[in-house]
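Biologist: Please take a close look at how the charged side chains are placed in this model, and at the part of the fold around them. I would like one connected account rather than a list.

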Amino acid sequence: MSAPILQVTGLAKRFPTPGGVVNAVNDVSFTLSGGETLGLVGESGSGKSTLGRCVLRLVAPSAGRIVFAGQDITTAPESRCRALRGSMQMVFQDPWAALNPRMTARDLIEEMLLLHTRLSRAERRDEAERLGLRVRLPSAMLDRYPGELSGGQQQRVCIARAIATKPALIVLDEPTSSLDLSVRAGILDLLAELKEETGAAMLFITHDLGTLRLMADRVMVMYLGRVVEQAPAAEIYERPAHPYTQALMSAHLPADPTAKLARHVLTGEIPSPINLPPGCAFASRCPVALPNCRERATNLEAVPGAQATHRAACLRLADGGNRIPG
């Protein structure tokens, strides 16, 4: 892997509400190198999308540090962030909401070139044509408005816009969740090709564990705003260490219909993000939690017997009691 294009240290994001302060992201640290895809997974409300928006400075962090391409952008003014937008792009979950319905697909792609390059009008038109073909949108389709395109075609426009400026970092927030299965496969193939061609670093946010296994080099698991496990993708699928990750992975349906399924059904209540517990936030639902788990929080630690880059935040790693029976 190349040198990190993104370094995030102790990132936190808090939102004030009438009922109290919501702790959306809590003390998250990671690095992301060029050509690498980091998968981010967790339940709804775990802070994945907020984290993605924070690293691009679409949302200002409450604490921590964000270094992009060697520049500290944590508290950078909007004018400076705007100058970096061409190098850091996002593909949103809902393509319909992300596209101006009054602009054609061609104009939407050209808009990125107008804002972030010095190409002439003729050059922008030629480049939009090339980008359209690259994401498998023929020329005639570029003259259509978003409402005249299918969901998959709309997402291809969004991807063309994202890669138009040759960014070093692309955040993909559930880019295939609203698409049919057959359309989803085509988008994933396209993203894999683009990663190989451009060498861009990708932060891939998803609920789909099958998609994550196909796309990610490393996986980061979030629960209630915190990272509870990080590991290479193959390692985390074969040997999930944190009890929450084990329960999450057990919900995945393998392609092999004869494969043995071992479901871990969680019970108990999820703590409020306004009033986080002093210990492990997962303790109230964890089948192997001890009384001490509710009292003392744990940082990410190396998983015994695993790769050095496999880390989990569980007090029971040391005694081997982190495995959920069954």
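Modeller: Arginine 57 counts as buried because its relative accessibility is 12%, which is under the 20% limit used for that class; the model is a predicted one. Arginine 57 sits in the loop between α1 (48-55) and β4 (63-68), and its phi is positive, about 65 degrees, although the residue is not a glycine. Aspartate 27, which belongs to strand β2 (residues 20-33), is another non-glycine residue with a positive phi, here about 55 degrees, but with 45% relative accessibility aspartate 27 counts as partly exposed.

Arginine 184, in helix α8 (residues 181-198), is buried with a relative accessible area of 17%. A polar atom of its side chain lies 3.2 Å from the backbone oxygen of threonine 176, and, leaving aside residues up to four places away in sequence, arginine 184 touches Thr176, Ser177, Leu179, Asp208 and Thr211.

The setting for the next residues is an open sheet of eight strands with mixed pairing, in the order β6-β7-β8-β3-β9-β10-β12-β11. Its edge strands, each paired on one side only, are β6 (88-91) and β11 (301-302). Within this sheet, β9 (residues 218-223) and β10 (residues 226-232) run antiparallel to each other and are joined over six bridges. Helix α11 (residues 243-250) packs on the sheet, where it touches β3 (37-41), β9 and β10, and its direction makes about 105 degrees with that of β9. Eight of the eight residues of α11 are buried, and these pack against β3, α9 (209-215), β9, β10 and α10 (233-238).

Glutamate 229, in strand β10, is buried yet has no salt bridge, the nearest side chain of opposite charge being that of arginine 323, 7.0 Å away. What the side chain of glutamate 229 does make is a polar contact of 2.7 Å with the side chain of threonine 245, one of the buried residues of α11. A polar atom of the glutamate 229 side chain lies 2.8 Å from the backbone nitrogen of alanine 241.

Arginine 218, by contrast, does have a charged partner: it forms a salt bridge with glutamate 36, with the closest N and O atoms 2.5 Å apart. This pair links distant parts of the chain, arginine 218 in strand β9 and glutamate 36 in the loop between β2 and β3, 182 residues apart, and each of the two, arginine 218 and glutamate 36, is buried. Arginine 218 stands opposite proline 232 in β10.

The structure holds 15 salt bridges, and two further ones show other settings. Arginine 106 forms a salt bridge with aspartate 143 at 3.0 Å between the closest N and O atoms; arginine 106 lies in helix α4 (residues 105-116) and aspartate 143 in the loop between α6 (139-142) and α7 (151-163), so the pair ties together parts that are 37 residues apart in sequence. Arginine 106 is buried at 3% relative accessible area, whereas aspartate 143 is partly exposed at 43%. Arginine 136 and glutamate 193 meet in a salt bridge of 2.8 Å, N to O, which joins the loop between α5 (121-134) and α6 to helix α8 across 57 residues. Here arginine 136 is partly exposed, at 38%, and glutamate 193 is partly exposed as well, at 32%; these two belong with Arg134 and Glu197 to a network of salt bridges.

Methods. Residues numbered from 1 in each chain as written. Predicted model: local features only at pLDDT ≥ 70, side-chain atom pairs only at ≥ 80, totals over all residues. Heavy atoms only, no water. Pairing = 2+ DSSP bridges. Helix = DSSP H or I, 4+ residues; strand = E, 2+ residues; numbered from the N terminus. Contact = heavy atoms within 4.5 Å. Axes fitted to C-alpha atoms, helices over the stretch in contact; angles between N-to-C directions. Buried < 20%, exposed > 50% of the residue type's maximum accessible area, 1.4 Å probe, protein only. Lys, Arg positive; Asp, Glu negative; His and termini not counted. Salt bridge = Lys/Arg side-chain N within 4 Å of Asp/Glu carboxyl O. Polar contact = N/O pair within 3.5 Å; in protein donor to acceptor, adjacent residues only side chain to side chain.
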